[in-house]
Every structure is written in C-alpha cells, then in structure tokens.
Amino acid sequence: LVKLCYLDADNLEAAKRFALSDEFICIKKLLNLNAQSKQLRILDLGCGSGIASYAFASLGHAVTATDPDISGDVGLEATQRLSIAIQNGSIATVQAFAEALPFKNATFDIVYARQALHHFSDLYQGLAECSRVLKPNGLFLATREHVISDEKQLQEFLNNHILHRLHGGENAHTLDEYVAALRQANLRKVKVLKAFD
C-alpha cells in the first residue's frame with residue numbers, strides 16, 4: 001500500500017515506477033494512448049508530486065501540471081524537477097485551484113485528475129472549470145476518489161483519515177454526488193468504473 005502511494009523521497013523514482021504500473025497501463029487504455037498517438041495537450045489537475053505528469057509527458061504529450069501546493073515534496077516544485085528528465089514531451093507547471101483555472105476555453109484534449117476531486121472546495125465549480133477548459137469531444141478522467149455511502153460514513157472517514165487529522169483538506173462524496181456534479185458540468189457520456197472494473 002505504501003509503495004502504491006508513490007510518495008518516495010526521490011519522486012523521479014516514484015514517477016518511473018508509476019509510468020510502468022498496472023494503474024497507468026489501464027489509464028493509457030481508457031484514454032486510448034499509445035506510442036503512435038499524436039501529441040495531445042493534457043491537464044494534470046492536482047498533480048501533486050508530478051508522477052502522472054511525468055508518465056504522460058514520457059509518452060510525448062504536452063502536459064500542464066496544476067496544483068495549489070508549490071512545495072518540493074508533493075507540489076509544483078517536485079513536478080518541476082521531473083520536467084528536466086523528460087525527453088520527448090513536456091511539463092509546464094501552473095499554480096491554480098480547480099475552481100478558478102487560468103486557461104482559455106477548450107484548451108486541453110484530456111483533463112486528468114488522480115485523487116483530486118475530493119480536495120475541491122466546491123465540487124460543482126471545479127468540475128465546471130474542467131469542462132470549460134476541455135476541448136469538444138475531449139476526455140475527462142478522474143481516478144482514485146474517496147466514495148462514501150452517506151453523511152454518517154463521511155464523518156467516520158474524516159475522523160479516521162490520518163492525513164486529514166494532520167493537515168485537513170480531505171473530503172469524500174457519494175457516487176450519486178460525483179455523477180450529478182459531472183452531469184451538471186455538461187460532461188457527457190459519464191461512465192463509472194468501480195474497484196474491479
């Protein structure tokens with residue numbers, strides 16, 4: 001479990017491991033990315049330490065990595081270190097919150113959010129912004145989200161989440177809330193993949 005968090009002190013080592021992981025292999029399949037894909041503009045929303053940015057850029061894509069955190073461990077400074085190791089794609093970093101993305105309409109072919117939606121201060125506004133910056137027929141993929149069954153479970157989840165107890169900022173929503181927010185943001189053809197799908 002710790003290994004799959006990709007929080008190594010050396011985030012380049014973690015990024016290389018993520019790029020070869022079963023998780024990223026599934027992501028490439030879902031997004032129809034392969035070595036022959038044309039270069040796409042990809043927004044890595046809530047990029048953290050940049051592992052997904054690195055993986056997408058290593059495939060030759062132009063990645064814009066956004067996060068409100070600028071730190072060197074799980075923020076934009078860590079992602080900037082990874083940009084130096086990219087040979088055929090690129091990573092640009094931009095400090096931003098999902099609810100106010102500083103990009104023009106229809107900028108990105110793909111908006112990818114790994115473990116990010118549950119950190120939005122306003123789920124509906126954050127997803128509306130994702131929809132706004134996505135090109136027509138673009139793809140939005142959110143993975144590894146906290147899903148709860150009801151409000152009682154939310155409080156239990158927050159009480160037992162060690163990072164929330166230490167730093168705050170965690171949240172969780174019901175599946176219905178996530179889907180409603182996606183639809184309200186005019187993201188079409190919503191498909192839910194459960195744990196073993």
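## Starting point: helices and a residue ahead of α1

Helices here are DSSP runs of H or I with at least four residues, strands are DSSP runs of E with at least two, and both are numbered from the N terminus. With the elements named in this way, Y6 falls in the segment before α1 (11–19). The model is a predicted one.

Y6 is not a glycine, and yet Y6 has a positive phi of about 55°. With a relative accessible area of 4%, Y6 is buried, since buried means under 20%.

## A second positive phi

Q115, likewise not a glycine, has a positive phi of about 55°, and its place is in the loop between β4 and α5 (123–133). The relative accessibility of Q115 is 32%, so this residue counts as partly exposed.

## Aromatic pairs and the ring cluster

The structure holds 5 aromatic pairs. One of them joins F56 and Y112 in an edge-to-face arrangement, with 5.2 Å from centre to centre and 80° between the planes. This pair links distant parts of the chain, given that F56 belongs to helix α3 (residues 51–58) and Y112 to strand β4 (residues 108–114), with their positions 56 residues apart. Both F56 and Y112 are buried.

For F103 and F108, the ring centres lie 5.2 Å apart and the planes stand at 90°, which means that this pair is edge-to-face too; F103 and F108 are each buried. Ring pairs also join Y6, F18, F24, F56 and Y112 into a cluster, and the residue with positive phi in the segment before α1, Y6, is thus one of the members of that cluster.

## The β2-α4-β3 crossover

Strand β2 (residues 62–67) pairs with strand β3 (residues 90–95) in the parallel sense, over 6 bridges. Between these two strands the chain passes through helix α4 (residues 76–83), and the resulting β-α-β crossover is right-handed. Within the pairing, T64 has A92 of β3 as its bridge partner.

## A nonpolar patch on the surface

On the surface, V147, L175 and V192 form a nonpolar patch whose accessible area amounts to about 210 Å² together. V147 lies in strand β6 (residues 147–148), and its relative accessible area of 48% makes V147 partly exposed. A patch takes residues with over 30% relative accessible area, and V147, at 48%, therefore satisfies that cut-off.

How values were computed
Residues numbered from 1 in each chain as written. Predicted model: local features only at pLDDT ≥ 70, side-chain atom pairs only at ≥ 80, totals over all residues. Heavy atoms only, no water. Pairing = 2+ DSSP bridges. Right-handed = clockwise from strand over helix to strand, strands pointing away. Patch = residues over 30% accessible without salt bridge, like charges linked within 9 Å, V, L, I, M, F, W, Y side chains within 5 Å. Areas by Shrake-Rupley, 256 points an atom, 1.4 Å probe, with all protein chains shown as cover. Salt bridge = Lys/Arg side-chain N within 4 Å of Asp/Glu carboxyl O. Buried < 20%, exposed > 50% of the residue type's maximum accessible area, 1.4 Å probe, protein only. Phe/Tyr/Trp six-rings, centres within 6.5 Å; stacked < 30°, edge-to-face > 60°.
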